[in-house]
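Colleague: I am new to this structure and would like a close look at a single part of it, the aromatic rings. Could you take me through them slowly, and then through what lies around them?

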Amino acid sequence: MMSSSPKPAPKPEVTLSLTLSPGSTLQEVVKPEERGVRLIQLLLTCAKHASSSNLHRADECLRQISLLASVSGDSMQRLSAWFASALAVRLVKRWPGLHKALNYTQLPKQDQLGQAQPLFGRVFPYLGFSYAIISRTLIKAMTGERVIHLVDLGSGDANLWIPLLRSFSCLLDGQPHLKVTCMNDNKAILEELGPRLVKEAKALGLPFQFAPLNDSLRELTLDKLGVKSGEALAFISILNLHTLLAEDDSVDAHFSHNKTNGIKDSKQMFRFLSTIRSSSPKLFFLVEKEADHNLNKLVDRFVEGLHYYSAVFDSVDATFGGNASSRERIVLEEMFGKEIENIVACEGVEREERHERYGRWMVRFGQAGFKPVMMWYDSTEVAKQMVEACGRNGYKIVNERASLMICWHDRPLYAVSAWTC
């Protein structure tokens, strides 16, 4: 390897008010709060340089970040390592051959999710809270219905469906005939879930039918669902509807007037929701991250991402404590890191992690002809009981405009909402 005499590094053009004391060097930054401030400063400066394709200055920022960040450090150090990695991927993607070569050994996305998603449900109560909210609201709304058709739009999680089957088997007015259509582009999930639910329903004596649908959201049509007259229909989407917002951002930027109430139009999302609306469902349940990552400008969504995932990584620390080498923690943070990479390093249809806040979903569902549903009565008291039963501090469920927000230390991370025609 050839070497050259070192040149003075250009000073990063920092416009933030976050500054270190005069004369401080990276090696002297030892206090966690001071190191955290410096890391945020460097990350935002690096994002700015990456956005303007200033490779040399972005590279210098990444070099400095590498001296402070660590995947085995505190939550801010680990978070910074993942955001720095995402910025590096964005820069490397300017050379497609190099980027592809560096990713030869990466696990396929489905394999990564297969490891992380079940663990996520076990370690954190977010999904558990969401499932309990959906179950209570669904049972109340479907009481008296004789044929119920529930459509799972991609979760394939037995932790949602097994308790639901048990709840339906205990209805005072008798057991309904329950049909579950589970859609997933991972055939292995369907092959595992189907027999398990059929076995559970048989043990409960519940009239039951399972219909697997090996498709993606983009390929879904009503004909494939096999909806029949007289069925009480409900859809459940867990953390995946936002992928339909993926589109060519250059077109949106060129035709910037194509917005409603400041929200980018999405023909694909509108078409999907309108199709669902035409089936006259009794309910549509939506669980999504309460974040705003569907922004055109890299720096804007980078700031949003830092704010959101800093809370996520804090909750990871609260769960695992000081066990930085925990295999479970590493697997989970790799999952979050892949989300961060998609938000930061990808553009156009490749960028699928386009989370939006509940207020924007209200507009999108309203445009398609839906209206929000208030979820179960006395929800605040029941939510409090759910959190107490979880036995962990820091979590809270709060009402907000007909949705329930699942919070970590008052920072909303997930929104659960229900819609009807």
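Modeller: Before any group of rings can be named, we need to know when two of them count as a pair: the rings of Phe, Tyr and Trp, the last by its six-membered ring, are paired if their centres lie within 6.5 Å, and the angle between the planes then makes the pair stacked when under 30 degrees, edge-to-face when over 60, and tilted for the rest. Please keep in mind that what you see is a predicted model. On these terms the structure holds 19 aromatic pairs, and one aromatic cluster is formed by Phe120, Phe124, Tyr126, Tyr308, Tyr309, Phe313, Phe336, Tyr395, Trp408 and Tyr414.

Two of the pairs deserve a closer look. The ring centres of phenylalanine 235 and phenylalanine 284 are 6.0 Å apart and the planes meet at 25°, so this pair is stacked. Because phenylalanine 235 belongs to strand β4 (residues 232-238) and phenylalanine 284 to strand β7 (residues 283-289), the pair ties together parts that are 49 residues apart in sequence. Both phenylalanine 235 and phenylalanine 284 are buried. In the other pair, tyrosine 308 and tyrosine 309 have ring centres 5.1 Å apart and planes at 80°, and the pair is therefore edge-to-face. Tyrosine 308 has a relative accessible area of 4% and is buried, as is tyrosine 309, for which the value is 0%. Tyrosine 308 and tyrosine 309 are both among the members of the cluster named above.

From tyrosine 309 one can step to a charged residue, since glutamate 339, leaving aside neighbours within four places in sequence, is in contact with Lys289, Tyr309 and Glu353. Glutamate 339 is found in helix α13 (residues 327-345), and with a relative accessible area of 10% this residue is buried. A contrast is offered by glutamate 350, which is placed in the loop between α13 and α14 and counts as partly exposed at 43% relative accessibility. Apart from residues up to four places away in sequence, glutamate 350 touches Lys93 and Asn342, while the C-alpha atoms of glutamate 350 and aspartate 248, 102 residues apart along the chain, are separated by 9.0 Å. Elsewhere, a charge is set against a ring: the charged end of arginine 94 sits over the ring of tryptophan 95, 6.0 Å from the ring centre.

Some of these rings also have a place in the nonpolar interior. The largest nonpolar core has 96 residues, and those with the most contacts inside this core are Phe168 and Phe336; of these two, Phe336 is also a member of the aromatic cluster. Helix α12 (residues 298-320) supplies the largest share of the core, 10 residues. As for phenylalanine 168, the residues touched, not counting those up to four places away in sequence, are Leu138, Ile139, Met142, Ile148, Leu150, Gln175, Pro176, Leu178 and Leu206. A second core, separate from this one, has 28 residues, including Leu217, Ile276, Ala402 and Ala415.

Ala415 then leads us to an internal space, as this residue helps to line the largest cavity together with Leu286, Glu288, Lys289, Glu290, Glu356, Arg357, Tyr358, Trp361 and Ser417. A search of the whole structure finds one cavity of 30 Å³ or more, and the largest cavity holds about 40 Å³ of space. Two or more lining residues come from each of β7, α14 (358-367) and β11 (411-420), and β7 gives the most, with three. Two aromatic residues of the lining, Tyr358 and Trp361, are in α14, where Tyr358, Trp361, Val363, Arg364 and Phe365 are buried; just after α14, glycine 369 takes a positive phi of about 100°.

To set this part within the whole, the protein chain has 15 helices and 11 strands, and buried residues make up 50% of its 421 residues. Among contacts between residues at least 6 apart in sequence, 77% join residues at least 24 apart, a setting in which the stacked pair from β4 and β7, with its 49 residues of separation, can be read.

Key. Residues are numbered from 1 along each chain as its sequence is written. This is a predicted model: local features need pLDDT of at least 70, side-chain atom pairs count only at pLDDT 80 or more; totals for chains, interfaces and linings use all residues. Side-chain values use heavy atoms; hydrogens and water are left out. Helices (H or I, at least four residues) and strands (E, at least two) are DSSP runs, numbered from the N terminus. Buried means under 20% relative accessible area, exposed over 50%, partly exposed in between (1.4 Å probe, protein chains only). A charge sits over a ring if NZ of Lys or CZ of Arg is within 6 Å of the ring centre and within 35 degrees of the ring normal. A nonpolar core is a set of buried Ala, Val, Leu, Ile, Met, Phe, Trp, Tyr and Cys residues joined through side-chain atoms within 4.5 Å. Contact means heavy atoms within 4.5 Å. On a 1 Å grid over the protein atoms alone, a cavity is a set of points where a 1.4 Å probe fits but cannot get out, and a pocket is an open set with protein on both sides within 12 Å along at least five of seven lines; lining residues have an atom within 4 Å of a point. Grid points are joined across faces, edges and corners, and a volume is the space filled by probe spheres set on the points.
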